[in-house]
Structure formats: C-alpha cells, structure tokens
Amino acid sequence: MSNRDNYKKAFSALQTSCDFSLEDEKMAILKRKAVIKNVVAAAAICLAVIALSGTAYAANVGGIQRIIQLWIHGDQTTATIEFDGAGNYTMEYTDEDGNIRESGGGGIAIEPDGTERPLTEEELLADLVNDVDVEYYDDGRVILYFMDQVVDITDKFEDGRCYVFLDGEDEDLYVTVRYQNGWAISSDKYPEY
C-alpha cells in the first residue's frame with residue numbers, strides 16, 4: 001500500500017458539512033469588506049463635518065452663532081444671532097418685505113452681593129423669545145407687539161402712560177408703556193414706571 005492509498009483511506013471517513021459552501025464563504029467575506037468600507041466612509045464624513053464646522057467657527061471669529069425662531073412684529077421669523085460672550089448679541093433677519101434687518105442688544109445682571117456680570121446666552125435668548133416691542137409709526141400709530149399679538153395702543157394713553165394686559169402662553173404679562181420713553185413688564189401687576 002502506497003502513501004497515497006493510506007491518505008485516501010484515512011480521509012475517506014471525513015465528510016464535509018452540508019451547510020458549508022465555498023460560495024457562502026465568499027459572500028460572507030464580501031459582506032465584511034462592505035461593512036468595513038461603510039464604517040471608513042462614515043468616519044471620513046464625520047471628520048469632514050468636524051473640520052468644516054471648525055472652519056465656520058473660525059470664520060465667526062470666536063462668537064457663538066445660532067439660528068432661532070422668534071416673534072418679530074407679530075410674525076414668527078428665523079433670525080441668526082451671534083453672541084460675543086460678554087453679554088451682547090447681534091441679530092440678523094429678513095423682514096416681511098424681504099429686507100435684511102440687523103439689531104442687537106445686551107445687558108448685565110446684578111448679583112445679590114452687588115457685583116455686575118454680563119448676561120449669559122441663555123438669559124439673552126429668554127429675553128428675546130419673551131420680548132415685548134413697541135413701535136411708533138410716522139402716521140401717529142403706536143403698536144405693541146408680543147409673540148403673535150399685535151395691539152394698537154394709540155388711543156390708550158392717559159397722562160403719557162398706557163397699561164396693557166397680555167395673555168401669554170406660559171404666563172400673563174402686565175405692561176406699562178410711557179409714550180416714547182420705554183416700557184416695563186411684570187408678571188404680577190402693572191409696574192410703576
């Protein structure tokens with residue numbers, strides 16, 4: 001008996017599994033390669049997004065910029081707001097006539113110990129979202145805007161003051177307006193302003 005015959009005899013008892021197929025093995029390898037390619041592509045996209053957002057941040061010269069929805073003159077408007085980190089903001093939006101408008105503001109908070117600090121981004125946003133605005137028009141009209149409410153207060157002034165109650169979603173507001181001299185807001189009662 002030769003070596004060849006011995007090998008045949010030894011391995012003739014072995015049988016392949018009926019579940020094994022060379023075709024299935026090739027497909028499994030191809031699937032693994034496809035998954036690896038997808039993971040690499042997703043990682044490349046994430047890296048590109050991070051790199052581009054870093055570029056946008058650098059172009060913004062370090063300010064924090066947000067795009068938010070807020071009420072301006074009774075219309076919900078998309079505005080781009082940039083915070084400088086020192087309690088100030090600048091805002092840009094498109095008005096109802098399609099013109100680009102810019103405005104800004106800021107403020108300070110006085111701590112219980114009497115020290116002043118710049119308003120935080122969250123405090124500035126809360127003020128912008130719940131803001132009351134009073135506009136004086138060339139034709140003599142005075143209009144108060146709050147969220148989607150537009151109130152003509154032209155004929156409501158007595159002795160240079162006007163008192164307006166506003167029904168808000170979260171809370172009601174009492175507004176005291178001094179003719180062409182600002183306004184004050186309270187959630188409890190009409191402010192003595």
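Visitor: What is the relative accessible area of Arg117?
Guide: Happy to start there, with two notes on the model. This is a predicted model, in which local features need pLDDT of at least 70 and side-chain atom pairs count only at pLDDT 80 or more, while totals for chains, interfaces and linings use all residues. Residues are numbered from 1 along each chain as its sequence is written, and side-chain values use heavy atoms, leaving out hydrogens and water. Arg117 is partly exposed (buried means under 20% relative accessible area, exposed over 50%, partly exposed in between, with a 1.4 Å probe and protein chains only), and its value is 25%.

Visitor: Which residues share a network of salt bridges with Arg117?
Guide: A salt bridge here is a side-chain nitrogen of Lys or Arg within 4 Å of a carboxyl oxygen of Asp or Glu. Arg117 forms one with Glu123, with the closest N and O atoms 2.7 Å apart. The residues linked to Arg117 in the network are Glu111 and Glu123.

Visitor: How many salt bridges does a search of the whole structure find?
Guide: Among them is the pair Arg141 and Asp139, at 2.9 Å from N to O. Another joins Asp95 to Arg101, also listed at 2.9 Å. The search of the whole structure gives a total of four.

Visitor: In the salt bridge of Asp95 and Arg101, which side chain belongs to a buried residue?
Guide: Arg101 has a relative accessible area of 39%, so Arg101 counts as partly exposed. Asp95 has 12%, which is under the 20% limit. The buried residue is therefore Asp95.

Visitor: What is the order of the strands in the open sheet of three strands?
Guide: Strands are DSSP runs of E with at least two residues, numbered from the N terminus, and two of them pair if DSSP finds at least two bridges between them. Strand 7 pairs with strand 8 (residues 142-146) over five bridges, and strand 8 joins strand 9 by four. Strand 7 (132-136) and strand 9 (149-152) are the edge strands, each pairing on one side only. The pairing is antiparallel, and the order is 7-8-9.

Visitor: Which residue in the turn between strand 8 and strand 9 has a positive phi?
Guide: These two strands run antiparallel, and Leu144 has Val151 as its bridge partner in strand 9. They form a hairpin with two residues between them. The phi of about 50° belongs to Met147.
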